[in-house]
Structure formats: structure tokens, C-alpha cells
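Colleague: I should like a close look at a single part of this model, namely the packing of one pair of helices and the residues around it. Please set it out as one connected account.

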Amino acid sequence: MAVEIAFFGLLVVSAIVAMVVRRLHLPYTIALVIAGLLLGALRPEGEGWDAFYSIHLEPELLFAIFLPALLYEASLHIDLSDLSANWKTITLLAVPGVLLGAGVCGVTTWFGLSAAEIPLPLVAALMFGALICATDPIAVISMLGDLGVSKRLRT
């Protein structure tokens, strides 16, 4: 019963976040991340909170259930004719952007860990940057739609 109440509590938190961001005109995904960080940092003690903090999202559940559904939903809303008409622009923006972002993230990680006296080869830091820098296309498309950008930019 405690786990069900914890899930209900998470739904209430997400509903409150949705109401607040609608009034403040903030992106919902960013507000959810901030709410999650606050919930994790505050971590109240007492009876009932143990079940709330014992909920874990297993990788198998994420990769087998949630991710395929989200990717499928995003692929339904892309217009292939727009994609093929803008492939040159998409390639010119995406490839250098991802390479630059991965490089900045990797080098920043390498410098930060070096300053903390944690040895990490630069190649490993760059690999970490490449893994972390890959943006979540579903969240990006959703946020661009919420911001009301042009259809060409969303594509």
C-alpha cells in the first residue's frame, strides 16, 4: 500500500509542477528536473517517506517499455518530406553541434576531474562527453513545440 501512495504522491507533485509552470510560462521538463532535485535534496525523514524514496526505475523497464513508446510517438509526428527537404541544413547544424558539445563536455569533465585530482585519460573524458552530450530528441521536439518555433526548425 505504501508504494501506491508514493506513486500517487509523485503524480500529485507532477500535477503541481504542471500548474506552476503554466502560470510562470516555464518549460515543463526543466521544472520537473528541478522538482526532482529538490525532492532528492530535501529527503524528509519520517514514516511514509521510506516508500517514496524506495521507488527505482530499472533500466530494463526504461529500455523495454518507456523508450520504445516515446520514440514511436515522436516518429509518428515527423513529416518525412520535410525531413528529406531539409536534410542538408539538418546535417550542417547537427553534426558540428554534437561534435562541439561532446568536445566541450569531455574537456570540461577532464579539467574538472584533474582539478579534483581524479585521474582520467582525455580519451575517456571525451567518450563520456559523447555519451552525455547526445540530446534527448523527444524532449527537444516537445520543448520546441511548446515554445512555438517554426515547423522547419522542429524538423
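Modeller: The account below takes up one helix pair, then single residues in it and beside it, and finally a second pair for reference.

The model is a predicted one, and every value given here is computed from it. Two packed helices are described by the angle between their axes and the distance between the axes. For helix 6, which spans residues 87-115, and helix 7, which spans residues 122-133, the axes come within 7 Å and cross at roughly 130°. An angle of roughly 130° falls outside the range of 65 to 115 degrees for roughly perpendicular and is not over 145, the limit for roughly antiparallel; helix 6 and helix 7 are therefore oblique to each other. The crossing in which helix 6 passes helix 7 is right-handed. On the side of helix 6, the contact is formed by Val98, Gly101, Ala102, Gly103, Cys105, Gly106, Val107, Thr109 and Trp110. Helix 7 contributes Leu122, Ala125, Leu126, Phe128, Gly129, Ala130, Ile132 and Cys133. Sorted by class, this contact of helix 6 with helix 7 holds twelve nonpolar and five polar residues, and no charged ones.

Two threonines of helix 6 deserve individual attention. Thr109 belongs to helix 6 and is among the residues that make the contact with helix 7. Its relative accessible area is 18%; because buried means under 20%, Thr109 is classed as buried. The side chain of Thr109 also reaches back within its own helix, to the backbone oxygen of Cys105 at 2.7 Å. Cys105 is itself one of the contact residues of helix 6.

Thr108 is likewise found in helix 6. With a relative accessible area of 52%, Thr108 is exposed, since the exposed class begins over 50%. A polar atom of the Thr108 side chain lies 2.6 Å from the backbone oxygen of Val104. As for its position relative to helix 7, Thr108 and Leu126 are 18 residues apart in sequence, and their C-alpha atoms are 9.3 Å apart in space. Leu126 is one of the residues through which helix 7 meets helix 6.

The chain between the two helices also merits a remark. Glu117 lies in the loop between helix 6 and helix 7. Its phi is near 60°, a positive value in a residue other than glycine. At 71% relative accessibility, Glu117 counts as exposed.

A second pair may be set beside this one. Helix 1 (2-24) and helix 2 (28-42) pack at an angle of about 130°, with their axes 10 Å apart. Helix 1 and helix 2 are therefore oblique to each other, and helix 1 passes helix 2 in a right-handed crossing. Here Val13, Ser14, Val17, Ala18 and Val21 of helix 1 meet Tyr28, Ala31, Leu32, Ala35 and Leu39 of helix 2. The residues of this contact divide into nine nonpolar, one polar and no charged. In the loop between helix 1 and helix 2 lies His25, whose phi is near 60°, a positive value in a residue other than glycine. His25 counts as exposed, at 71% relative accessibility.

Technical notes:
Residues numbered from 1 in each chain as written. Predicted model: local features only at pLDDT ≥ 70, side-chain atom pairs only at ≥ 80, totals over all residues. Heavy atoms only, no water. Axes fitted to C-alpha atoms, helices over the stretch in contact; angles between N-to-C directions. Helix = DSSP H or I, 4+ residues; strand = E, 2+ residues; numbered from the N terminus. Parallel < 35°, antiparallel > 145°, perpendicular 65-115°, else oblique. Left-handed = near helix turned anticlockwise from the far one by under 90°. Contact = heavy atoms within 4.5 Å. Nonpolar A, V, L, I, M, F, W, Y, C, P; charged D, E, K, R; others polar. Buried < 20%, exposed > 50% of the residue type's maximum accessible area, 1.4 Å probe, protein only. Polar contact = N/O pair within 3.5 Å; in protein donor to acceptor, adjacent residues only side chain to side chain.
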